[in-house]
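The exercises below concern charged side chains and the pairs they form. Work through each task before reading the solution that follows it.

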Amino acid sequence: MMRATASVLVATWVAACAPAPVGNRSAAEPRPLSESLVPSGYGTLRQDEFTVALRSGALLIKVTPLAERVTRLAAPDTYARLHALAASRSADAERDAGVASPTLFLVSFFSYEPDTRFEPDDLQFLQQGRLHRARAILPVTPGWPSHRLEQQETRSAIYAFDPELDPELPFLVRYANVESDDWTRILPRLQSERAKIRARAG
């Protein structure tokens, strides 16, 4: 009996001392609120500092996360604008995507040439070996259904993805035959800003 108890204690100690996996956290794993959110109003980042941009022919595509964990790192006016946009469409996004709390991104298409066609469904994300396609697309600007742009024109929409797509983990953005892994380089900037905000807020 004592030998069996000792074996259980050893196994428990080994499990407790084992290092936690790094960089392979499940995207669906819940975080403590104190870890995920910082106070609003203390951020300094411009929107372009946490936006992935990629060029495909005459198109410039910009992808900005709308998750609170990211937008709270923005300067107050930017945070207020993005927060209001996400809040105003979150119920529609849940309804159209068919899932609770989908991961939202603001996506914009800009054209350098006249009469340029864009394909909204060609935008995809790759994270931890899984390909994500939008479950719903909610237009923000007029004229979105035409899928066409004149020169120097921008059209935007909110893209709703599965909640498992985690903006706090690296991901790859693809459109047609181009892709960008800029988010991997943006993440350290977000981590640094998050630490600064906590210091500012005391």
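**Exercise 1.** Is D48 buried, partly exposed or exposed, and what is its relative accessible area?

*Solution.* In this predicted model, D48 has a relative accessible area of 47%, and since the partly exposed class runs from 20% to 50%, D48 is partly exposed.

**Exercise 2.** Which parts does the salt bridge of D48 and K62 tie together?

*Solution.* Begin with the contact itself: the side chains of D48 and K62 form a salt bridge with an N to O distance of 3.5 Å, which satisfies the cut-off of within 4 Å. Next, place the partners: D48 is in the loop between α2 (33-36) and β1 (52-56), whereas K62 belongs to strand β2 (residues 59-65), so the pair ties together parts that are 14 residues apart in sequence. Finally, K62 is partly exposed, with a relative accessible area of 27%.

**Exercise 3.** Describe the salt bridge between D182 and R185, and state how they are separated in helix α5.

*Solution.* The side chains of D182 and R185 meet at 2.3 Å, N to O, in a salt bridge. Both residues lie in helix α5 (residues 182-201), where, being three residues apart, they are separated by about one helical turn. As for accessibility, D182 is partly exposed at 26%, while R185, at 52%, counts as exposed.

**Exercise 4.** Which residues are joined into one network by salt bridges that share partners?

*Solution.* The network formed through shared partners consists of R69, D166, E168 and R194. For the model as a whole, the count comes to 18 salt bridges.

Definitions and conventions:
Residues numbered from 1 in each chain as written. Predicted model: local features only at pLDDT ≥ 70, side-chain atom pairs only at ≥ 80, totals over all residues. Heavy atoms only, no water. Helix = DSSP H or I, 4+ residues; strand = E, 2+ residues; numbered from the N terminus. Buried < 20%, exposed > 50% of the residue type's maximum accessible area, 1.4 Å probe, protein only.
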